[in-house]
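Q: I am new to this structure and would like a close look at a single part of it. Please take one residue as the starting point and work outwards from there to its surroundings.

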Amino acid sequence: MQGIGVDIVELDRLDLGHHAFIQKVLTVKEFEIYKTLKSDVRKKEYLGGRFAGKEAYLKARNKGLGEISFQDIEILNDETGCPYLNDEYAMISISHEKHYAIAFVVIKKNR
């Protein structure tokens with residue numbers, strides 16, 4: 001294992017009206033998925049999970065904010081609904097519970 005990272009987001013702190021922030025965090029593909037979500041609760045879970053996932057990825061790579069753009073980190077879901085990163089050496093898990101989203105990232109050593 002090369003690195004691990006974890007991050008947690010308080011969903012109530014996310015402002016769904018702050019479009020500049022949302023478009024800074026989400027890639028074009030992620031934003032297309034975000035727009036299809038019906039409820040504000042689900043939108044906050046999705047946005048919070050992606051934000052936490054990208055922060056956890058930066059921590060696992062030992063990078064600070066700004067060293068890798070959120071636009072260069074993409075988290076999509078496979079056909080079973082499991083999230084994955086656009087880095088073949090990274091594994092991610094995202095979870096939501098009422099007011100929080102948490103993400104855990106592991107970077108495999110074979111980088």
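A: Asp7 counts as buried, because its relative accessibility is 12%, and the cut-off for that word is under 20%. The model in which this residue is seen is a predicted one, so the values here are computed from predicted positions. Asp7 forms a salt bridge with Lys59, and the closest N and O atoms of the two are 2.8 Å apart. This pair links distant parts of the chain, since Asp7 lies in strand β1 and Lys59 in helix α3, 52 residues apart. The partner is placed otherwise with respect to the surface: Lys59 counts as partly exposed because its relative accessibility is 38%.

The strand that carries Asp7 can be followed next. Strand β1 spans residues 3-10 and belongs to an open sheet of three strands, in the order β1-β5-β4, with antiparallel pairing. The edge strands of this sheet are β1 and β4, the latter formed by residues 90-97, and each of them pairs on one side only. Averaged over the sheet, and with direction ignored, neighbouring strands are turned by 10° against each other. As a general point, strands of a sheet pair through backbone hydrogen bonds, either parallel or antiparallel.

On the side of β1, eight bridges join this strand to β5, and the two run antiparallel. Ile8, for example, stands opposite Ile102 in β5. On the other side of the sheet, β4 is likewise joined to β5 by eight bridges, again in antiparallel fashion. Several residue pairs can be named along β4 and β5: Ala90 has Ile107 as its bridge partner, Met91 stands opposite Val106, and Ile94 is partnered by Ala103. The hairpin of β4 and β5 has two residues between the strands, and in this hairpin Lys98 takes a positive phi near 45°. Ahead of β4 comes the loop that connects it with β3 (83-85), and Asp87 lies in this loop. Asp87 is buried because its relative accessible area is 8%, and its C-alpha atom is separated by 8.1 Å from that of Ile73, a residue 14 places away along the chain.

Strands β1 and β5 also share a feature of the surface. A nonpolar surface patch of about 680 Å² is made by Met1, Ile4, Val6, Ile8, Tyr100, Ile102 and Phe104, and both β1 and β5 (100-107) supply at least two of the patch residues. Ile8 and Ile102, which were named above as standing opposite each other, are both members of this patch. Ile4, a further member, lies in strand β1 and counts as partly exposed because its relative accessibility is 46%.

The salt bridge of Asp7 also leads to helix α3, where Lys59 is found. This helix runs over residues 40-60, and its 21 residues reach 30 Å from the first C-alpha to the last, which is close to the 30 Å expected at 1.5 Å a residue. Helix α3 is mostly covered, with 16 of its 21 residues buried. Just after the helix, Asn62 takes a positive phi of about 55°.

A search of the whole structure finds four salt bridges, and the one between Asp7 and Lys59 can be set beside two others. In one of these, the side chains of Glu30 and Lys54 meet at 2.7 Å, N to O. This pair also links distant parts of the chain, for Glu30 is in helix α2 (residues 28-36) and Lys54 in helix α3, 24 residues apart. Glu30 counts as buried because its relative accessibility is 0%, and Lys54 counts as buried because its relative accessibility is 0% as well.

The other pair is made by Lys35 and Glu32, whose side chains meet in a salt bridge at 3.1 Å, N to O. Because these two residues are three apart in helix α2, they are separated by about one helical turn. The general rule is that an α-helix has 3.6 residues a turn, so residues three or four places apart point the same way. Lys35 counts as partly exposed because its relative accessibility is 45%, and Glu32 is partly exposed because its relative accessible area is 40%.

How values were computed:
Residues are numbered from 1 along each chain as its sequence is written. This is a predicted model: local features need pLDDT of at least 70, side-chain atom pairs count only at pLDDT 80 or more; totals for chains, interfaces and linings use all residues. Side-chain values use heavy atoms; hydrogens and water are left out. Patches are made of residues with over 30% relative accessible area and no salt bridge: like charges are joined within 9 Å, nonpolar side chains (Val, Leu, Ile, Met, Phe, Trp, Tyr) within 5 Å. Accessible areas come from the Shrake-Rupley method with a 1.4 Å probe; for residues, only the protein chains shown count as cover. Helices (H or I, at least four residues) and strands (E, at least two) are DSSP runs, numbered from the N terminus. Buried means under 20% relative accessible area, exposed over 50%, partly exposed in between (1.4 Å probe, protein chains only). The expected span of a helix is 1.5 Å times one less than its number of residues. Two strands pair if DSSP finds at least two bridges between them. Axes are lines fitted to C-alpha atoms, for helices over the stretch in contact, and angles run from 0 to 180 degrees between N-to-C directions.
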